[in-house]
Amino acid sequence: MSSEPAPAPASASTEELEADLSAATISKKQLKKDARKAEKAGKASQRQQQQQPQAEEADPFAANYGDVPVEEIQSKAISGRSWTDIGDLDEAAAGRSVLIRGSAQTLRPVSKKMAFVVLRQSMSTVQCVLVASADAGVSTQMVRFATSLSKESIVDVEGVVTLPKEPLKATTQQVEIQVRKVYCINRAIPTLPINLEDAARSEAEFEKAEQNGEKLVRVLQDTRLNYRAIDLRTPANQAIFRIQCHVENVSTICPCLY
């Protein structure tokens with residue numbers, strides 16, 4: 001007469017109990033771990049919220065820079081501000097405070113306290129210099145804001161015209177603007193579909209690059225037509241439309257030219 005071994009059920013129940021205890025232990029550890037993570041995240045968020053107002057309050061020149069809200073861009077009243085065309089900035093304007101508007105063509109940070117911004121208006125460009133200084137009303141936060149702008153953003157700059165120590169090669173105007181205020185009117189997207197520098201290259205530049213073994217990005221016609229608004233900002237296209245405009249003006253004065 002055979003009999004089943006008695007310890008089997010006891011052993012099975014012991015294993016199940018150990019597994020349940022182990023699972024409960026892991027579950028408690030995981031809960032504690034998740035609770036610690038949530039607590040740390042909450043403290044970090046609280047610290048960040050506390051630091052942000054302090055940082056804003058710490059900058060006494062916060063009113064001298066920033067993004068302009070859409071409501072303020074809309075013309076609702078005569079502001080009385082006097083604008084200066086970038087093309088009119090020359091040595092005669094040295095020492096004068098001016099207000100200009102242009103597209104951010106180049107953004108070059110030098111350090112935390114200094115940066116260069118080249119603004120373009122039509123075919124004219126000027127170099128704007130930001131140097132953190134309490135006397136000038138420029139803070140390091142303002143310098144950081146200026147360098148955080150994306151290329152081709154529309155920017156308003158108020159500053160004093162000065163003469164550089166050495167001739168400028170990267171701009172059409174041989175003066176600099178010592179920035180006192182800078183406001184972004186409209187931010188461009190961080191990554192443009194085509195790079196303006198690539199679209200502005202001439203065939204001579206491509207040939208020279210090939211001779212030197214360099215490979216430059218070539219913007220094809222289909223791409224130019226797809227993003228015509230950017231392509232029209234190149235010097236070549238600007239020159240074409242300027243000539244066309246002058247021809248139309250002369251033709252209007254002298255109809256016999258038709």
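How many nonpolar, polar and charged residues are in the lining of the second largest pocket? The model in question is predicted, so to speak of local features a pLDDT of at least 70 is needed, side-chain atom pairs count only at pLDDT 80 or more, and totals for chains, interfaces and linings use all residues. Residues are numbered from 1 along each chain as its sequence is written, and side-chain values use heavy atoms, with hydrogens and water left out.

By class, that lining has five nonpolar, six polar and five charged residues (Ala, Val, Leu, Ile, Met, Phe, Trp, Tyr, Cys and Pro count as nonpolar, Asp, Glu, Lys and Arg as charged, and the others, Gly among them, as polar). A pocket here is an open set of points on a 1 Å grid over the protein atoms alone, with protein on both sides within 12 Å along at least five of seven lines; a cavity is a set where a 1.4 Å probe fits but cannot get out, and lining residues have an atom within 4 Å of a point. The second largest pocket takes up about 310 Å³, a volume being the space filled by probe spheres set on points joined across faces, edges and corners. Of its 16 lining residues, Gln105, Arg120, Leu196, Ala200 and Pro235 lie nearest the centre. Helix H4 (196–199) and helix H8 (235–253) each give two or more residues to this lining; helices (H or I, at least four residues) and strands (E, at least two) are DSSP runs numbered from the N terminus.

The largest pocket comes out at about 430 Å³. It has 20 lining residues, with Glu72, Ile73, Arg81, Arg101 and Asp156 closest to its centre. Helix H2 (70–73), S2, S5 and S6 give two or more residues each, and the lining splits into nine nonpolar, three polar and eight charged residues.

Then there is the enclosed space. One cavity of 30 Å³ or more turns up, with a volume of about 50 Å³. Its lining divides into nine nonpolar, no polar and no charged residues, among them Val117, Cys128, Leu149 and Val182. Strands S4 (124–131), S5 (154–162) and S6 (176–186) each supply at least two of them.

On to the packing. The largest nonpolar core, a set of buried Ala, Val, Leu, Ile, Met, Phe, Trp, Tyr and Cys residues joined through side-chain atoms within 4.5 Å, has 29 residues. Those with the most contacts inside the core are Ile100, Leu119, Val126, Cys128, Val157, Ile177 and Val182. A second, separate core of five residues includes Ile194, Ala199, Val219 and Ile230. Buried means under 20% relative accessible area, exposed over 50%, and partly exposed in between (1.4 Å probe, protein chains only). In helix H3, Met142, Val143, Phe145 and Ala146 are buried. These cover an arc of only 160° around the axis, so they sit on the same side of H3; the arc is that of the directions from the helix axis to the C-beta atoms.

Two residues stand out for their backbone. Ser122, in the loop between S3 and S4, has a positive phi of about 60° although it is not a glycine, and is partly exposed at 37% relative accessible area. Glu152, in the loop between H3 and S5, has a positive phi of about 75° but counts as buried at 7% relative accessibility.
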